[in-house]
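The exercises below go through strand pairing and backbone geometry, each with a worked solution. Please keep the sequence and the structure open while working.

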Amino acid sequence: MATQVRSHKAQKVLDRLSKKLNRQMVGSLIACVHCGMCTDSCHYVQTHPDDPTYAPAYKADQIRKIFKRHHDWMGRVFPWWVHAKTILTDEDLEELKDIAFGKCTNCRRCTINCPMGVDFATVNRMVRGLLVHVGVMPEGVSVVSKDQWEIGNQMGVLKEDYIDTIEWMEEELQDELGDPEAKIPIDKPDCDIVYTINPREVKYDPRTIADAAKIFHYAGANWTMASEGWDMTNFGLFSGDDDLGGSVAKRVYEKVQELNGKTLVISECGHGYRSTRCEGPNWGGVTLPFDSESSVDTMLRYIKEGKIKVDKTKNSTPVTFHDSCNNARSCGLYEEPRELLNLVCTDFREMYPNRAENYCCTGGGGAMSMGEYTPRRLKSAEVKANQLRETGAKIVVTSCHNCVDGLSDLIKHYKLNMEVTQLVNLVAVALVPPEKAVPVEVPKAVHTLKGYKILVVDDEPDTLTYLTTVLEDNEATTLQ
């Protein structure tokens, strides 16, 4: 029987797989015990209950089998025993593409529900990167990646259009405030803040730029925006292309350094925050000489320090909050947006589940750019639609532009009587001149562990030290 010849693309994928295996990746590939704990955590599974190919363990197994065949001794010697297999044809790669891009938004909800700590989203991102390396990807991913490589931002916004939009928003701000000194500085050196944004703000929602500028103006901030390197989004996170991820991130970092900025403030974008603040230095192989933070932290600090004054009665419509997967699950930004909402709104209602257990908006992982998978995405959005409906809120707030688009789509599809907005918009509405401010009582931190005696048990000394320190910092008494 003739042996089938492996295609050139399939061989390149196998060669690159060897270079992408690290401790985290191998751990996630070998640790799965197929317990099924991840299955019900996935919004795709919940809306496709009769199709087992949506289960996270099944999806991970498609790359796990290849790993076993080429990198595990048991899979090389007894492939039939461990269900190992290889890839031979371009059709095999298309099947992987359908799983990696079309059946997962890399939301990581399965990861936090895995007792073995398997991070399927990290594995899935690696698979995407392997496929992108040989040109196997949805057309939208190709187009957006090309724009970031060649034009410098993921929506292909030209420099002159960007500058025109900033100048337009500056004029709008001056008219609104009746103050010709209200500015949106561009390339101002030696600033305390360099503010970076999502290209969607320039192209579709420039009002968020004006709202942020209004907040900075009221706070008396020494700030600027950059004429280049202003796109803090990074499609490298979605495509799995570390080279693209590093290049995009370094453009932002280099501009901040060129302007001698002290702090990089990242506007409300979940994957942009994660990519720029957490992943970018690793992709780019750099150490940052400046601080960085989410604009959510910036706005909250301004209120707490009294730099801006707000009147929460200006936002009286019932609101709920959607946790962006990247901001929340991947970066731990849980309480800050809620604290901010309670300071600028009168009727904030939680949706359930929330925080780390919240469901994806279904627009994450670059899904909004992959038109061929829209029917699946909207079907899986039924889970989120039910969450929103049950709150009874009229506005859903999110600190992520991808989520704005994903939520807007599902609200229209499921005919929900809601609208979507962001924290910066609500803070801007609540702003009042200092002489007209309504006093805002900022809740003091409550040490809920004071008076508790907690037994700490672990066989790892480092873990004992860490847990003991955290508990004692919160005024608990620890026993070992």
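**Exercise 1.** In which sense, and over how many bridges, do β1 and strand β3 (residues 263-266) pair?

*Solution.* Before starting, note that this is a predicted model, in which local features need pLDDT of at least 70, side-chain atom pairs count only at pLDDT 80 or more, and totals for chains, interfaces and linings use all residues. Residues are numbered from 1 along each chain as its sequence is written, and side-chain values use heavy atoms, with hydrogens and water left out. Strands are DSSP runs of E with at least two residues, helices are runs of H or I with at least four, and both are numbered from the N terminus; two strands pair if DSSP finds at least two bridges between them. β1 and β3 pair in the parallel sense over four bridges, with Ile 193 opposite Thr 263 in β3. β1 also pairs with strand β2 (residues 223-225), in the parallel sense over three bridges, and here Tyr 195 stands opposite Met 225.

**Exercise 2.** Decide whether the residues on the two faces of strand β1 are buried or exposed.

*Solution.* Buried means under 20% relative accessible area, exposed over 50%, and partly exposed in between (1.4 Å probe, protein chains only). Ile 193 and Tyr 195 on one side, and Val 194 and Thr 196 on the other, are all buried.

**Exercise 3.** Describe the backbone at Pro 353 and Arg 355, both in the loop between β7 and α18.

*Solution.* The peptide bond from Tyr 352 to Pro 353 is cis, with omega near -5 degrees. Arg 355, although not a glycine, has a positive phi of about 55 degrees. Most residues other than glycine have a negative phi, and most peptide bonds are trans. Arg 355 counts as partly exposed because its relative accessibility is 26%.
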